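The following exercises invite the reader to examine a two-chain structure step by step. Each task is followed by a worked solution.

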Amino acid sequence: MSLFGLFDIAKSAIFASQTALTVTSQNIANVNTPGFTRREALFAVAAPVALSGNLLGNGVTITGIKRYYDQFIQTQLLGQYENYGRSSALNQTLSQIEQIFNEAKNIGLAVPLTDFFNAWQELATNPEGFVQRSDLLQKANSLVLAAKQMERGITDNLESVSDSIDNIAERVNAIASEIAAINGKIVQVEAGSQVQNANDLRDQRDVLMNELATLVDFSSYEDENGSMTIMAGMRNLVSGETSNSLSTRTNEEGDKDLYLDGINITGNIKKGQLGGLISVRDTIRTNSLNGLRRLIASLIQEINALHRSGYGLDGTTDNDFFAPLQLSTRDFSSGADMTATITDSSQLTLDEYSIQFDASGNYFVYNKQNGTLVTSGAYVSGSPISFDGIEISITGTVTSTDKFTVSPLTDVMRNFQVAISDQQKIAAASSNAALPGDNSNALRIVQLYQNSIANLGGATLSSYYGGLVSTIGSMSRAASDSLTFDDNLLSELNTKRESLSGVSLDEEAANLIRFQRSYQAGAKMIQITDELLQTLLDL
Amino acid sequence: MRITSFMIFNQLTRSLQRNMEDFAKLNSQLASGKRIEKPSDDVIGMMRSLDYRLSINNTEQYKRNIEEANFHLQFTDKVLGSVSDSLLKLKELLSMGGNDQTDENRSFYSNQAAEWRDFLLELSNTKLRDRYIFSGYKTDQVAFSYNSSTCHYDYNGDLGKIQIPFDTGATLPSNIQGSEAFSLTLKGPLPTELPDGTPLNYTQTTDSSTGVTTITVEIGNAGDPDYDTFSVSNLMDVTNVLSYAWQYKDIDGSDLHSDAAIREEMAAHRLMALSIPLDDAGNQVLQVQAEIGTRQVHLNDQKTRLDNTALNLKNALSKTEDADMEETTTEILKTDTALQALRESASRLISQSLLDFLK
């Protein structure tokens, strides 16, 4: 073996140390980069040379750069980001709705509602008093205003949920196309290579996938080329270098539905912020919004029924106190029109109905709340259908695919107003002959506050409202608890990931010294070999 | 476990964040004095406090109703006190002047009775807050008015009782109808002859729609020259008959009889015959006053009860939703200590690095 062999060994030592120093520097430089996984240069003994039957060392080689990465932790992290996204969407929306019902700060309907009934008591003590009458009208108007504000608060929130769904869908699309682009690069870089060495690209892709997971739940797998396929709602979002666009469409309820690849995947999205928003808007709609509307509809129904039976100071009777309930209809037919009227408001259940037809010309009326069949029969074209105090009539021809819905609740708040403008018409008296001192009708209305109301499931007005408050309170509490839980779990998993993949500056500082020393020693070897050569040359 | 700088940093910021959150929450509890600031803080507590607050609100309204009813009843009681006094004066007048025969005196008594009559009419038509208090539901009409064609006083009100709610499902009338206070019902047994032996008969009929009792008085035997009959249906009627009788006249102003002796005898009979209704009227007014007293006692009891209830409810409300100041303050101190310790350890942990020791 020649002295030049020594040069080679020394050179390999210097090169290896330099590479290791580069890796260390890269680690130090990226100590604060999110998603960065620390690297390590892998040293190996270079293939030895056989010399006179002995195997002599041939220096060191770098066999690769190892990325400290655990696929298992990463998969867990993705799942947890999905949970976290869902919880944060639920928590954010529900805590806003909760503020609309925040009775702890006297925001809500409890005070205006009791004030309204107290005003009736004041009227009962002074049935002919104009002060009491105008006070009652004012309290009634405050109640109307408060209820309308609450509804607007809820619908505003639902609208902002819709807006968020749009924005998130856009962000999902942006991420999907980035991932698709990175897929392409990874395949290119790693083509033909046995090790996964597109480390930086992989880190970038992981960061994007983490963000995607907070937005929407998906399943993913990596093929042998290193390309990641991502499926949301069982449709491909990213496949190789192409990504599909997630789009939103407004459905018949006025909510946004998610479409991927032309297919409605709304029902399949359960987690991530999108999953949270989709589930929370249904909860808000059925619980808070419809609950509030039902409460006000019952109030209108009950107060009007009593008020119509009484007499005003001017001797008039049969006056509505609040503007009467109106039905709203939806038409899902090809060529028919439907009108609906209330024939007997005392029979109204305040539920929504759907009217459908079959091929043999029968109609079916379903209660949308509980799904029961209310009435059915052979449909005679043009003749009205009556059920639960509602009469509907249809013009034009109906087909078996036609569908109509009738709801007494949808427009409750829009039409909610005090119908009485002349305070003389407030009916405190039960009989015309007993005017003006008769207060017995006012007393019956006062009593209404304590009565259980069939359309509120037997609850009183105030206890039904209390139920609404406690429902939203419990939901908001549950959401904030699960957010705390998910946040802790996420932090725990991130700690686990950091423990493996994170950069420790102390460690890197030690490595710096280590590789600096080995570099210096390698250089020394070259110097010594040079001196040896000089010795030879000087012979 | 391998610890990296990012982990330390993360852990630190999270702990700081959590502590600051606790701090902010405690601070806001201290500021508002409320433990529950939104329903989700304590759903059950929130529902309870909502319940308490609505109950307190109801109680306050009932208290206001009771005050209003009490005010009405007290006022009515005062008016009835005057009625009672007037009736006593009238009785004195009757006992003093029942047998007086001089024209001059009789005209004095007659005028006196007429004055009491007008005073009673005024009392019966008392207004409170622009409402006639003795007209039942018909508070916009005078309770009693003089009918010049029948020469009687008519009741224009009805039997309406203005019920005031003073507790859940409980009401009590705040008014006394004119027919109850000013119309009189005779209580048996009734005499069948006057002290001088003349037959006497009282017949009472009550109008069920107004509650007014009309008493028809018959003196003497039908067909006798001194046979006399007349009817009264309220105190004003009674006083009116008295006033005219002192002048030997019927209420329409005509003489009781063309013969002076018979006229005198008939007038004397009238005065005698009305002393019993006058007694009963006095008793009846006292009874009505007693009824008012009972109502007031009932209302005052209820008010005391409501005061107690409100106090209990307010205590319960405070226990449910108010923050325990001492506990909150202690918690703040604890959080503050934890926060300081955290900052201290953080400053040491973060500032240390191997790089500082490598020269």
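**Exercise 1.** Determine whether Gly81(B) counts as buried, partly exposed or exposed.

*Solution.* In this predicted model, begin with the position: Gly81(B) belongs to helix 2 of chain B, which covers residues 43-97. Next, take the neighbour count, which is 14 C-beta atoms inside 10 Å. A buried residue needs 20 or more such neighbours, and an exposed one has 12 or fewer. Gly81(B) therefore counts as partly exposed. As a further step, compare sequence with space: Gly81(B) and Arg131(B) are separated by 50 residues in sequence and by 19 Å from C-alpha to C-alpha.

**Exercise 2.** State which helix holds Lys496(A), and how far Lys496(A) is from Ile73(A) in sequence and in space.

*Solution.* Lys496(A) is found in helix 9 of chain A. Its separation from Ile73(A) is 423 residues along the sequence, yet the C-alpha atoms of Lys496(A) and Ile73(A) are 7.5 Å apart. Because Lys496(A) has 17 C-beta neighbours inside 10 Å, it counts as partly exposed.

**Exercise 3.** Decide whether chain A is a compact globule or more spread out than one.

*Solution.* First, list the elements: chain A contains 10 helices and 19 strands. Second, compare the radius of gyration, 38 Å, with the 24 Å that the globule rule gives for 539 residues; the value is well over the rule, so chain A is more spread out than a compact globule. Third, consider the extent of the C-alpha trace, which spans about 145 × 60 × 30 Å along its principal axes. Finally, 41% of the 539 residues of chain A are buried, and 70% of the contacts between residues at least 6 apart in sequence join residues at least 24 apart.

**Exercise 4.** Set the radius of gyration of chain B against that of a compact globule.

*Solution.* Chain B is built with eight helices and nine strands. For 359 residues, a compact globule would have a radius of gyration near 21 Å, whereas chain B has 40 Å. Along the principal axes, its C-alpha atoms fill a box of roughly 150 × 35 × 35 Å. Buried residues account for 36% of the 359 residues of chain B. Of the contacts in chain B between residues at least 6 apart in sequence, 63% join residues at least 24 apart.

**Exercise 5.** Identify the residues that touch the most other members of the largest nonpolar core.

*Solution.* This core has 119 residues, and those touching the most other members are Trp120(A), Val172(A), Ile179(A), Leu212(A), Leu274(A), Ile296(A) and Tyr465(A). Helix 4 of chain A, residues 130-190, gives the largest share, with 18 residues. To follow one member, take Val172(A): leaving aside residues up to four places away in sequence, Val172(A) touches Leu212(A), Leu215(A), Val216(A) and Leu246(A). A second, separate core holds 45 residues, including Leu87(B) and Ile215(B).

**Exercise 6.** Describe how the two chains meet, and find the helix of chain A that supplies the largest share of its side.

*Solution.* The contact joins 44 residues of chain A with 44 residues of chain B. On the side of chain A, helices 2, 3, 8, 9 and 10 each supply at least two residues. The largest share, 14 residues, comes from helix 9 of chain A.

One helix pair across the chains can be worked through in detail. The axes of helix 3 of chain A and helix 2 of chain B come within 10 Å and cross at roughly 15°. Angles under 35 degrees count as roughly parallel. Helix 3 of chain A and helix 2 of chain B are therefore roughly parallel to each other, and their crossing is right-handed. Among the residues making this contact are Ala110(A) and Thr114(A) of helix 3 of chain A, and Leu50(B) and Leu54(B) of helix 2 of chain B.

**Exercise 7.** Locate Asp388(A) and Cys151(B), and give the phi of Asp388(A) and of Cys151(B).

*Solution.* Asp388(A) sits in the loop between strand 17 and strand 18 of chain A. Although not a glycine, Asp388(A) has a positive phi of about 45°. Cys151(B) sits in the loop between strand 3 and strand 4 of chain B. Cys151(B) is likewise not a glycine, and has a positive phi of about 60°.

Technical notes: Residues are numbered from 1 along each chain as its sequence is written. Chains are lettered from A and ligands numbered from 1 in the order in which they are written. This is a predicted model: local features need pLDDT of at least 70, side-chain atom pairs count only at pLDDT 80 or more; totals for chains, interfaces and linings use all residues. A nonpolar core is a set of buried Ala, Val, Leu, Ile, Met, Phe, Trp, Tyr and Cys residues joined through C-beta atoms within 7 Å. Helices (H or I, at least four residues) and strands (E, at least two) are DSSP runs, numbered from the N terminus. Two residues are in contact if their C-beta atoms, placed from the backbone, lie within 7 Å. The radius of gyration is taken over C-alpha atoms; the globule rule is 2.2 Å times the number of residues to the power 0.38. Axes are lines fitted to C-alpha atoms, for helices over the stretch in contact, and angles run from 0 to 180 degrees between N-to-C directions. Angles under 35 degrees count as roughly parallel, over 145 as roughly antiparallel, 65 to 115 as roughly perpendicular and the rest as oblique. A crossing is left-handed if the near helix is turned anticlockwise from the far one by less than a right angle, and right-handed if clockwise.
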